[in-house]
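Here is a walk through a two-chain model, starting from a single residue and working outwards. Have a look at the structure first, then read on.

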Amino acid sequence: MIKCSNLTKKFGSNISLNNVTCEFHKNESIALMGANGAGKTTLIRSILGYYHPDSGSVKINGFDPVKNRVEVLQNISFVPQLPPPIKLNLDELMQYISIGAKIDKQLIMHYANEMKLDITSNLHKSFFTLSGGMKQKMLIAISLAKKSDIIIYDEPTANLDPKARDDFYKLLNENEDEKVLLFVTHRLEEVKDLVNRQIYMDLGKVVSDEKF
Amino acid sequence: MKNLYLIAYLDLKESIRAKWFIVYSFVFGGLIALFFIAGVTESQVMGFSGLSRLLLMYIQITIVILPIFILITTVRSISGDRDSHVLEYMLSFPISLKQYYWGKVLGRFITVYIPVLFAMIIAIAYGSFKGANIPWGIFFLYTGLLFSMSSAFLGIAFFISSFVKSSEIALGIAFFIWIFLLSFIDIALISLMMQERVNEGLVIFIALINPMEIFRVAAISLFDPELTVMGPVAFYILDLMSQGVFVFISIIYPLMLGLLFAFLGYKIFEKKDLV
């Protein structure tokens, strides 16, 4: 599904990804680990088509995420580490997503409900005025409602309380079949029951890749 | 196209709720109100009276404040979203960069143009209520000139926004451009002429490629077709073309300039790393 071949990305003199080659297949749940600055976020952003590689390539189901971003992003759900300060209210945000990505609003409401987030009473509140946990729950609900083949979570539970984390992992367990699940995390113990592969990055390189 | 309109619509809704939009609308609406209170419509200065005088004053003030308002509110449109990681999330959905960028341009254009236009409509409505003669020709031409100047600065702002990584730098560049173009309305041009190192034709050319200056000259020419208030400069302009052609160019040129900058901005947005 995802194939990175000799991928190199530099920012000035800093090499963020150094000739990275890796593949992610269906039914794989991967914990992507490494110290700050190891290249995890750069790898994810390259998969999402945000970065133009200096050399090498990324292919998602055979498509280049930069040149064919619409086709590629139809199959990817992404939750960033920190919810961005989106000024749209929840209704407008759902409108953007439901029209732009053809996601059923009711499905977002359903998963939000499963995450114990009451959308109805917050529908006209700006997204950025919600609490950190509420924002994260909303983004998780959207990611699940999108029904993508590839789900990328960058520290998704950072703002969640223990109960919400349990709800989240329960939902993921129910929805992980036939997908690639990519977690960027510093806490392996939290996702160890979910993942079947662990990649460790350092200084822009994949230094260990274990499947279990 | 559906996504483009959606992005324009949501940007418009988001902008209308923003504090800057309230201040922006208040400034232009307030200006017109101030003119009414000051009795501009009843005064007669330099031969212009009533609504024509009011519109002329409005335009003169607009030359200075509209560009800076458009620049500072728009220049952070993409760079600000990039800064705050909003762009990273919003572009993780299958929306093409073309739809996202031009949707933002369209939404922001409507946002910046509506209060300016609305202020003019208020002036016309008030004038009509007072039983004044409505200078419809001037009204429509000013509306066109404002449309075209708004396009020019919106295009420039999107161009800056597309390549600048931080919104602070974007603001700095916007201020510099505003001061630079403003100084080339008068001060810098006069000093160039006084030094007598450059040909007068070149000085006039520099003046007329400045969208702020061409807007000003065109606005004056609607009241003073001979451009007598401008002195010898009028000879150069009216020697080159008729007043009608000049006004037409004054509308088309800033519009094209804005579209060109917006297009260049789009090309940069498309070719550069997004976050």
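Let's begin with A:I76, which is buried, as 25 other C-beta atoms lie within 10 Å and 20 are enough to count. Keep in mind throughout that this is a predicted model. A:I76 sits in strand β5 of chain A, residues 76-79. Setting aside residues up to four places away in sequence, A:I76 touches A:L48, A:S148, A:I150 and A:I152. A:L117 is another matter: 41 residues along the chain from A:I76, with 23 Å between the two C-alpha atoms.

Now try A:S57, in strand β4 (residues 55-60) of chain A. Is A:S57 buried or partly exposed? A:S57 is partly exposed, because 14 other C-beta atoms lie within 10 Å, and that falls between the 12 or fewer of an exposed residue and the 20 or more of a buried one. Leaving out neighbours within four places in sequence, A:S57 is in contact with A:S5 and A:L7. A:I2 is 55 residues from A:S57 along the chain, and their C-alpha atoms are separated by 11 Å.

Over in chain B, B:V75 lies in the loop between α3 (50-74) and α4 (76-83). Loop or not, B:V75 is buried, since 28 other C-beta atoms lie within 10 Å and the cut-off is 20. Which residues does B:V75 touch, not counting those up to four places away in sequence? They are B:A157, B:I160, B:S161, B:A170, B:L171 and B:A174. B:I156 is 81 residues from B:V75 in sequence, yet 8.3 Å away in space, C-alpha to C-alpha.

Two of those partners of B:V75, B:A157 and B:I160, turn up again in the largest nonpolar core. That core has 131 residues, and A:I30, A:L32, A:A141, A:F183, B:A157 and B:I160 touch the most other members. Its largest share, 12 residues, comes from helix α7 (residues 136-163) of chain B. In soluble globular proteins, nonpolar side chains tend to be buried together. On the chain A side, A:F183 touches A:I30, A:A31, A:L32, A:Y153, A:V191 and A:V195, again not counting residues up to four places away in sequence.

Another piece of chain B worth a stop is helix α11, residues 211-223. Its 13 residues should span 18 Å at 1.5 Å a residue, and the end C-alpha atoms are 19 Å apart, which agrees. How many residues of α11(B) are buried? The count is 11 of the 13, so the helix is largely enclosed by the rest of the structure. Among the buried ones are B:M212, B:I214 and B:F215, along with the charged B:E213 and B:R216.

Where the chains meet, 19 residues of chain B are in contact with 23 residues of chain A. On the chain B side, the elements giving two or more residues are α1 (2-17) and α5 (86-90). The largest share, six residues, comes from α1(B). By class, that side of chain B has nine nonpolar, five polar and five charged residues.

Zooming out, here are the two chains as wholes.

| Property | Chain A | Chain B |
|---|---|---|
| Helices and strands | seven helices, nine strands | 13 helices, two strands |
| Extent along principal axes (C-alpha) | about 50 × 35 × 30 Å | roughly 60 × 55 × 30 Å |
| Buried residues | 46% of 212 residues | 40% of 275 residues |
| Contacts at least 24 apart, among those at least 6 apart in sequence | 71% | 80% |

Chain A has a radius of gyration of 17 Å, close to the 17 Å that the globule rule gives for 212 residues, so chain A is as compact as a globular protein of that length. For chain B, a compact globule of 275 residues would come out near 19 Å, and the chain has 20 Å, which agrees.

Last, the confidence scores. The predictor gives the complex an ipTM of 0.95 and a pTM of 0.91. Chain B averages a pLDDT of 85, with 91% of the residues scoring at least 70. Among the elements of chain B, strand β1 (residues 44-45) has the lowest mean pLDDT, 54, while α5(B) has the highest, 95. That same α5(B) is one of the elements on the side that touches chain A.

Technical notes. Residues are numbered from 1 along each chain as its sequence is written. Chains are lettered from A and ligands numbered from 1 in the order in which they are written. Two residues are in contact if their C-beta atoms, placed from the backbone, lie within 7 Å. Helices (H or I, at least four residues) and strands (E, at least two) are DSSP runs, numbered from the N terminus. A nonpolar core is a set of buried Ala, Val, Leu, Ile, Met, Phe, Trp, Tyr and Cys residues joined through C-beta atoms within 7 Å. The expected span of a helix is 1.5 Å times one less than its number of residues. The radius of gyration is taken over C-alpha atoms; the globule rule is 2.2 Å times the number of residues to the power 0.38. pLDDT is the predictor's confidence in each residue, from 0 to 100.
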